[in-house]
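Here is a short report on one protein structure. It takes up a single residue, a pocket, a sheet and a helix in turn.

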Amino acid sequence: MLGDTTFPDTPGGDRPRRRALILVENLSVPFDRRVWQECTTLRDAGWDVHVICPRGTKRDTEPEAVIDGVRIHRYPLRAATGGPAGYLQEYGSALWHTARLVRKVGPVHVVHACNPPDLLFLAARWLKRRGARFVFDQHDLVPELYLSRFGRGKDLLYRAVCALERRTYRAADVVLATNESYRDVAIRRGGQRPEDVFVVRSAPAVERFQPVPPEPELKHGKPHLLCYLGVMGPQDGVDYALRALAKLRDEEGRTDWHAVFVGSGDAFDAMVALSRELGLDDQVEFTGRIPDADLVRYLSTADVCLSPDPHNPLNDVSTMNKVLEYMAMGRPIVSFDLREARVSAGDAALYAPANDEAAFAKLITLLLDDPQKRARMGEIGQERITGELSWSNSQASLLAAYAVACRARGRRHP
């Protein structure tokens with residue numbers, strides 16, 4: 001057994017079950033699909049899984065819940081607005097609640113922290129001192145996120161987030177990276193041993209993304225439907241997509257399409273205003289967050305899906321969940337040319353030069369005029385999602401990471 005910890009016996013007096021505690025700050029669970037897949041994978045492997053996360057606003061609102069055998073502890077949290085000061089307030093509140101609930105959960109074998117922010121190792125220290133192993137699940141490169149989101153350069157706050165990232169790496173027994181680019185950062189910048197860094201790719205739950213018959217009425221009388229799915233933050237490129245659609249209309253002379261933007265975020269209102277400013281009101285629809293069944297209806301009807309994330313230090317090396325979800329639904333994609341977008345989508349996407357909205361519009365035109373190409377690209381995407389990018393491969397990597405973490409002794413401490 002780890003350290004001086006004692007753990008409850010399983011029913012029937014069997015060997016004590018291993019306990020894992022997953023810490024999340026930026027989404028509720030099970031709304032955070034990656035975290036939920038990790039929870040259920042660990043549960044199926046015999047782990048007793050607890051989660052600490054914020055409450056949702058319209059779902060995941062209960063302070064405590066047991067869902068499919070996973071016990072979830074949630075705390076109230078007001079999302080940041082404005083600049084870095086708002087995030088300091090949000091993160092401080094989240095850290096206080098997380099530390100409070102960590103003590104309530106009690107001893108665990110593994111504490112598994114998902115960033116951002118790179119502050120959760122502080123809440124995990126109490127468990128580490130009692131013998132828990134620390135798994136750092138690096139969802140985002142926070143220094144690159146800071147540079148890409150705020151445009152303030154390498155100022156004092158940038159240096160602070162770099163320092164917190166270093167502290168988190170030093171505290172970790174094992175690091176989970178979402179792709180090979182992140183793994184390289186963990187080794188090169190984080191000083192991790194290659195054998196302690198595991199690529200656990202995010203992958204859509206295929207049972208959630210099952211195509212249904214297309215519904216032409218969703219096209220609002222147009223021949224074609226364009227679809228965007230995902231978060232709408234300052235770095236997510238919805239503004240690039242809207243300007244590309246204006247060029248599609250004005251420079252390509254195409255008005256034979258309707259576009260739907262599914263999702264929400266702190267740039268949502270600004271994007272609705274930009275759509276009006278560009279005169280796109282009659283062709284662009286914003287749905288906000290919608291139930292899965294409605295999401296599948298839109299994606300099943302879409303002719304082309306949009307991944308307009310601009311080239312910046314974060315996006316170039318990040319795996320975009322929306323790209324994987326488009327592929328699961330067999331939809332062709334137009335993306336800017338990002339390193340990890342190519343790794344994920346391969347020939348399931350066409351790639352415009354970085355941040356070139358006119359080229360992005362031309363590629364949409366190319367796909368609208370070529371239904372056979374659209375179909376081939378959709379098939380390629382589905383084959384990749386059910387093959388090399390499937391969650392089953394990530395499950396094996398996750399469980400291997402936990403096995404290494406539980407064998408760790410005498411590792412670095414903060």
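## Arg-43 and its setting

Arg-43 counts as partly exposed, because its relative accessibility is 25% and the partly exposed class lies between 20% and 50%. The model is predicted. Arg-43 sits in helix α1, which covers residues 33–44. Leaving aside residues up to four places away in sequence, Arg-43 touches Val-49 and Asp-68. Phe-336 is another matter. Its C-alpha atom is 38 Å from that of Arg-43, and the two residues are 293 residues apart along the chain.

## The second largest pocket

Helix α1 also helps to line a pocket. The second largest pocket holds about 230 Å³ of space. It is lined by 15 residues, and the closest to its centre are Gln-37, Pro-204, Ala-205, Val-206 and Glu-207. Two or more lining residues come from each of α1 and α14 (391–407). The largest share is that of α1, with four residues. Sorted by class, the lining has seven nonpolar, four polar and four charged residues.

## The open sheet

Which strands make up the open sheet, and in what order? Six strands form it, in the order β11-β10-β9-β12-β13-β14, with parallel pairing. At the edges are β11 and β14, each of which pairs on one side only. On average, neighbouring strands of this sheet are turned by 25° against each other, direction ignored.

The residue ranges of four of its strands are listed here.

| Strand | Residues |
|---|---|
| β11 | 284–288 |
| β12 | 304–307 |
| β13 | 333–336 |
| β14 | 349–352 |

Strands β12 and β13 run parallel and are joined by three bridges. In one pairing, Cys-305 has Ile-333 of β13 as its bridge partner. Helix α9 (residues 292–301) lies across β9 (224–229), β10 (257–262), β11 and β12. The helix runs at about 135° to β9.

## Helix α4

Why is helix α4 described as largely enclosed by the rest of the structure? Seven of its nine residues are buried, so the rest of the structure largely encloses it. Here buried means under 20% relative accessible area. The buried residues of α4 are Val-142, Pro-143, Glu-144, Leu-145, Tyr-146, Ser-148 and Arg-149. Their cover includes α2 (84–105) and α5 (156–171). The helix spans residues 142–150. After α4 comes Gly-151, with a positive phi near 60°.

How values were computed. Residues are numbered from 1 along each chain as its sequence is written. This is a predicted model: local features need pLDDT of at least 70, side-chain atom pairs count only at pLDDT 80 or more; totals for chains, interfaces and linings use all residues. Side-chain values use heavy atoms; hydrogens and water are left out. Buried means under 20% relative accessible area, exposed over 50%, partly exposed in between (1.4 Å probe, protein chains only). Contact means heavy atoms within 4.5 Å. On a 1 Å grid over the protein atoms alone, a cavity is a set of points where a 1.4 Å probe fits but cannot get out, and a pocket is an open set with protein on both sides within 12 Å along at least five of seven lines; lining residues have an atom within 4 Å of a point. Grid points are joined across faces, edges and corners, and a volume is the space filled by probe spheres set on the points. Ala, Val, Leu, Ile, Met, Phe, Trp, Tyr, Cys and Pro count as nonpolar, Asp, Glu, Lys and Arg as charged, and the others, Gly among them, as polar. Two strands pair if DSSP finds at least two bridges between them. Axes are lines fitted to C-alpha atoms, for helices over the stretch in contact, and angles run from 0 to 180 degrees between N-to-C directions.
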